Amino acid sequence: MKFTKGHGTGNDFVILPDPEGQLPLTAELVAALCDRRRGIGADGVLRVVRVPHHPEAARLAASHAAAFDAASSASDAASASDTDTDTDTDTDADADAGTAEWFMDYWNADGSIAEMCGNGVRVFTRYLVDTKLAEPVDGGLPVLTRAGMVRALVREQDIAVDMRSPRLFDQGAATVDGLTLPGTAVDCGNPHLVCVLPDGVELADLDLTRAPGFDPALFPAGANVEFVTPASPVEGADLHVRMRVYERGSTETLSCGSGACAVAAVVARDAGMTAAVVAVDVPGGRLTITLDSGSCWLAGPAVLVAHGEIDPIVLSD
Ligand SMILES: N[C@@H](CCC[C@H](N)C(=O)O)C(=O)O
């Protein structure tokens, strides 16, 4: 089985090329590949598969295309006085889902499946471009994920992806080491709980060797939990924070792209801003999030570090 290892600000992935969708990928195999002592080691797996060759992706693309057709007919029937720009934006993205060639089949290190992985999309795009499986048009490339289609932009220094606007949907709390830390629930395609630390609680002191607690009624499918603290101003950003994250289906990781977007949305709201550039320092580096009313661009480095081959049989020893 061929693989590539890559990372985005230290959030690392085993990339499995499977254009025709023939790899018998299971939760057990993913967990074995991600094992840092007995396998290759990673926070997750990115299977690279063409949309028509992955049944779930093909269904997603078809239903998004159908939804787009229905929405277009409805809006044709309605008058030109429709000013619901949010719906228009979603509909455009859904329409593009039908045209993305590649599906990012993302799996967490424990073998569970997640809807979205922001750093994953950036590393996935790096892989497609470097291996010439895809050529960006004007720097841009559509990628289908379980959370819908996203657009990646290949730039000189980094890869950016428009994650679309995070949705802040409730208030909650995380518990760490007996501390209860209030937070905001955010939907970035996948679930997040963003806790801005109160005065007197140091980011570095949090024990994230175990999963933080949260209200399962708020997050029936689990949550990624981010902890945030303000940092001193940096050039080029309106807001600057530091973040640590405990990822659902993994452990504490060095970075989480969707988590950084969730954090940016929360700190921008707290600052009373609807558009902002937010620098988010994670243990693995810096991510820059550019938010406005209709988009959320996540930017940072995306690096491929090794290519190899592994016999899955040795993983069961
Ligand atoms: N590290 C990722 C998020 C990966 C998925 C997450 N663990 C989940 O289960 O939702 C990112 O960069 O967004």
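Here are some worked exercises on the structure above, each with a step-by-step solution.

Before you start, know that this is a predicted model: local features need pLDDT of at least 70, side-chain atom pairs count only at pLDDT 80 or more, and totals for chains, interfaces and linings use all residues. Residues are numbered from 1 along each chain as its sequence is written.

**Exercise 1: Getting an overview**

Find out how many helices and strands the chain has, and what share of its residues is buried.

Step 1. Count the elements: you should get six helices and 18 strands. Helices (H or I, at least four residues) and strands (E, at least two) are DSSP runs, numbered from the N terminus.

Step 2. Check burial: 44% of the 317 residues count as buried. A residue is buried if 20 or more other C-beta atoms lie within 10 Å of its own, exposed if 12 or fewer, and partly exposed in between, with C-beta atoms placed from the backbone.

Step 3. Now look at contacts, where two residues are in contact if their C-beta atoms, placed from the backbone, lie within 7 Å. Take the contacts between residues at least 6 apart in sequence: 68% of them join residues at least 24 apart.

**Exercise 2: Following strand β1**

Work out which strands β1 is joined to by bridges.

Step 1. Find β1 at residues 2-8; six bridges join it to β18 (residues 303-309), and the two run antiparallel. Two strands pair if DSSP finds at least two bridges between them.

Step 2. Pick out one pair here: His7 has Val303 in β18 as its bridge partner.

Step 3. Turn to β2 (residues 11-17), which is also antiparallel to β1 and is joined to it by five bridges. Lys5 stands opposite Val14 of β2.

Step 4. Look at the turn: β1 and β2 make a hairpin with two residues between them, and Thr9 in that turn has a positive phi of about 45 degrees.

**Exercise 3: Two cysteines**

Locate the two residues that UniProt marks as "active site", and decide whether each is buried or exposed.

Step 1. The unreviewed UniProt entry puts this feature at Cys117 and Cys256. They are spread over 140 residues of sequence, yet they cluster in space, with a largest C-alpha distance of 7.7 Å. UniProt positions are given in the numbering used here, feature names are shortened, and annotations may be inferred rather than shown by experiment.

Step 2. Cys117 is in the loop between β4 (102-108) and α4. Cys117 counts as buried because it has 29 C-beta neighbours inside 10 Å. Leaving aside neighbours within four places in sequence, Cys117 is in contact with Gly44, Tyr106, Gly257 and Ser258.

Step 3. Cys256 sits in the loop between β14 and α5. Cys256 has 36 other C-beta atoms within 10 Å, so it is buried. With neighbours within four places in sequence left aside, the contacts of Cys256 are Asn11, Asn119, Asn224, Val245 and Glu247.

**Exercise 4: Two binding-site residues**

Describe where Asn224 and Glu247 lie.

Step 1. The unreviewed UniProt entry lists several "binding site" positions, among them Asn224 and Glu247.

Step 2. Asn224 belongs to strand β12 (residues 224-230). Asn224 counts as buried because 25 C-beta neighbours are inside 10 Å. Not counting residues up to four places away in sequence, Asn224 touches several residues, including Asn190, Glu247 and Cys256.

Step 3. Glu247 is in the loop between β13 (239-246) and β14 (252-253). Glu247 has 28 C-beta neighbours inside 10 Å, so it counts as buried. Not counting residues up to four places away in sequence, Glu247 touches Asp43, Asn224, Thr253 and Cys256.

**Exercise 5: Domains and the ligand**

Find how the chain is divided, and which domains give residues to the shell around the ligand.

Step 1. The chain is divided into domain 1 (1-157 + 301-317) and domain 2 (167-293). These bounds come from an automatic or database domain assignment.

Step 2. Where the domains meet, 21 residues of domain 1 are in contact with 19 residues of domain 2. On the domain 1 side, α4 gives the largest share, three residues.

Step 3. The shell around the ligand draws at least three residues from each of the two domains. Of the 17 residues around the ligand, Ala114, Asn119, Asn190, Gly257 and Ser258 come nearest. A residue is near a molecule or strand if its C-beta atom, placed from the backbone, lies within 6 Å of it.

Step 4. α4 (118-130) and α5 (257-270) are the elements that give two or more residues to this shell. α4 gives the most, with three residues.
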